[in-house]
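Here are my notes on the structure shown below, set out as numbered points so that each can be checked against the coordinates.

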Amino acid sequence: MKRINNSVIALSLFVGIANANAQEKRTLTLDEAVQLGIQNSKNLKIDAARIEEATADLLEAKNRQLPELKVSGSYMYLPIKPNVDIKLPGLAGGAGGPEIHQVVYGSANLSVPIYSGGRIKYGIQSAKYLVEASKLSTENDKIAIAYNVAHAYNNLFKANQSIKVFEENLAASQKRDETFLKMENNGLIARNDRLKANLQTSNIELQLLEAKNNYNIANINMDLLLGLPETTELTVDENYIEEGSDVKPVDFYVTEARENRKDLQALAQQRKAAELGSKAAKAENLPSIAFTGGYVAADIPKFLTVYNAINVGIGVSYNLSNLWKENSSLRQSQAREKQLAATDELLNDNIKLDVNREYQNTDYSKKRIAVFEKSAEQANENYRITKNKYDNGLATMTELLDADAAQIAANVGVINAKADAALAYRKLLQTTGTLTIK
């Protein structure tokens, strides 16, 4: 029995150590969190594949300006004697011709483009613009990811700070309950007043449980966003809420957005590509000219042998159906140009709206801090006065508990207001395309 008990104890210790090790703790600054979010973003992996696709299209466009060299060869066996009738004077023909049972044939053809109406040149330039547009879209997605990480980081910070406030107030409330219990036992307060204080403590406990639940959810969300194991307990850097202390006039941010928004720059590259697409479509109505060369060799045993049959020349290709067919490719490309031009106008309007909205939100968030700080000062002073009055029999238990609850709410409000202001400033930077990614 003793041996079994020792085994149970050892197993319990092992499980306890394993659980302790499973909960990894990690402290992250906001910049470190942003870097992890970018490194592990699924969206950026999709963007990387799109850049590779656009780069492959560029390679294909460049390949069109290179020479084409094709080599072919064939061997044919003729089981039945063919009827060869040679009409050249002095050569035998008809049924008395040679026995032919096999043919070997080979050729090499070279084509070097000289002129294609600009289709090749426009195709290469257009593909370059589309590669650049893909890269700019990726940069825009990085900025969006940086803000999403900041938003999750902010939620984690607020939940953690709320826990600290509620834990501090819960300890004070529990200590007050102990004092009131002694006072009740000594007949100094009514039992009903002591129960009111106990109810206040229970309410704080519920608020603390809710804050811890919010923290756990925010922590798991942050872990998944950063590509970390869900069991990783994260600790945030509290200094990040000091950002955004110097906010410039709104016109400054509108100008910044026009100069730095990556989606706007990507759209400009797409418009350039579409313009070149229209030029390439017009070039379809022009002929193509190429330098051509070739080599032919053939061997028909007992009949014919050809080698060193080299040819060079100029080839011209023109699709005569273009004379009566409308250029649908040109119409499609021109429609694409109009679509992108309208999109550009819409995007510029949305940028103005976004920047002005987030500027107002940032200004509002900063003003909220001052209001909440003033409210906290008033709530703390009100609680101090009410506590003195209660101690001197000039205030009721209900008034004291109400003052305590108001004090807790005001202090939590200050923390949340500062965190929201820091996040609002980052949102403003995101709308201008200047959110820093270190």
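1. The model is a predicted one, and I begin with a single backbone detail. Asn-308 is placed in strand S6, which runs over residues 304-317. Although Asn-308 is not a glycine, its phi is positive, at about 60°. As for its surroundings, Asn-308 has a relative accessibility of 52%, and because the cut-off for exposed is over 50%, this residue counts as exposed.

2. The next point concerns helix H6, which spans residues 250-260 and has Tyr-253, Val-254 and Ala-257 as its buried residues. Why do these residues fall on the same side of H6? Around the helix axis they cover an arc of only 105°, and therefore they share one side of H6. Asp-251 and Glu-259, by contrast, are exposed and sit on the other side of the helix. The partners against which the buried residues of H6 pack are H8 and helix H9, the latter comprising residues 397-432.

3. Thr-432 deserves a paragraph of its own, as a residue that lies in helix H9. Is Thr-432 buried or exposed? Its relative accessible area is 0%, and since buried means under 20%, Thr-432 is buried. When neighbours within four places in sequence are left aside, Thr-432 is in contact with Tyr-253, Glu-256, Ala-257, Asn-260, Arg-261 and Val-355. Two of these names, Tyr-253 and Ala-257, also appear among the buried residues of H6. The side chain of Thr-432 is in addition joined to that of Thr-434 by a polar contact of 2.6 Å.

4. The remaining points deal with open space in the model. The largest pocket has a volume of about 580 Å³, and 27 residues line it. Nearest to the centre of this pocket lie Asp-57, Ser-126, Ala-127, Leu-130 and Ala-273, which may serve as a starting point for anyone inspecting the region on screen.

5. Which helices each supply at least two residues of the lining of the largest pocket? They are helix H3 (42-63), helix H4 (119-185), helix H7 (262-282) and helix H8 (328-391). The contribution of H4 is the greatest, with 12 residues in the lining. H8 thus appears twice in this note, as a supplier of lining residues for the largest pocket and as a packing partner for the buried residues of H6.

6. Finally, there is the chemical make-up of the pocket wall. The lining of the largest pocket divides into 11 nonpolar, 8 polar and 8 charged residues.

Definitions and conventions
Residues are numbered from 1 along each chain as its sequence is written. This is a predicted model: local features need pLDDT of at least 70, side-chain atom pairs count only at pLDDT 80 or more; totals for chains, interfaces and linings use all residues. Side-chain values use heavy atoms; hydrogens and water are left out. On a 1 Å grid over the protein atoms alone, a cavity is a set of points where a 1.4 Å probe fits but cannot get out, and a pocket is an open set with protein on both sides within 12 Å along at least five of seven lines; lining residues have an atom within 4 Å of a point. Grid points are joined across faces, edges and corners, and a volume is the space filled by probe spheres set on the points. Helices (H or I, at least four residues) and strands (E, at least two) are DSSP runs, numbered from the N terminus. Ala, Val, Leu, Ile, Met, Phe, Trp, Tyr, Cys and Pro count as nonpolar, Asp, Glu, Lys and Arg as charged, and the others, Gly among them, as polar. Buried means under 20% relative accessible area, exposed over 50%, partly exposed in between (1.4 Å probe, protein chains only). The arc is that of the directions from the helix axis to the C-beta atoms. Contact means heavy atoms within 4.5 Å. A polar contact is a pair of N or O atoms within 3.5 Å; within protein, one must be able to donate a hydrogen and the other to accept it, and residues adjacent in sequence count only if both atoms are side-chain atoms.
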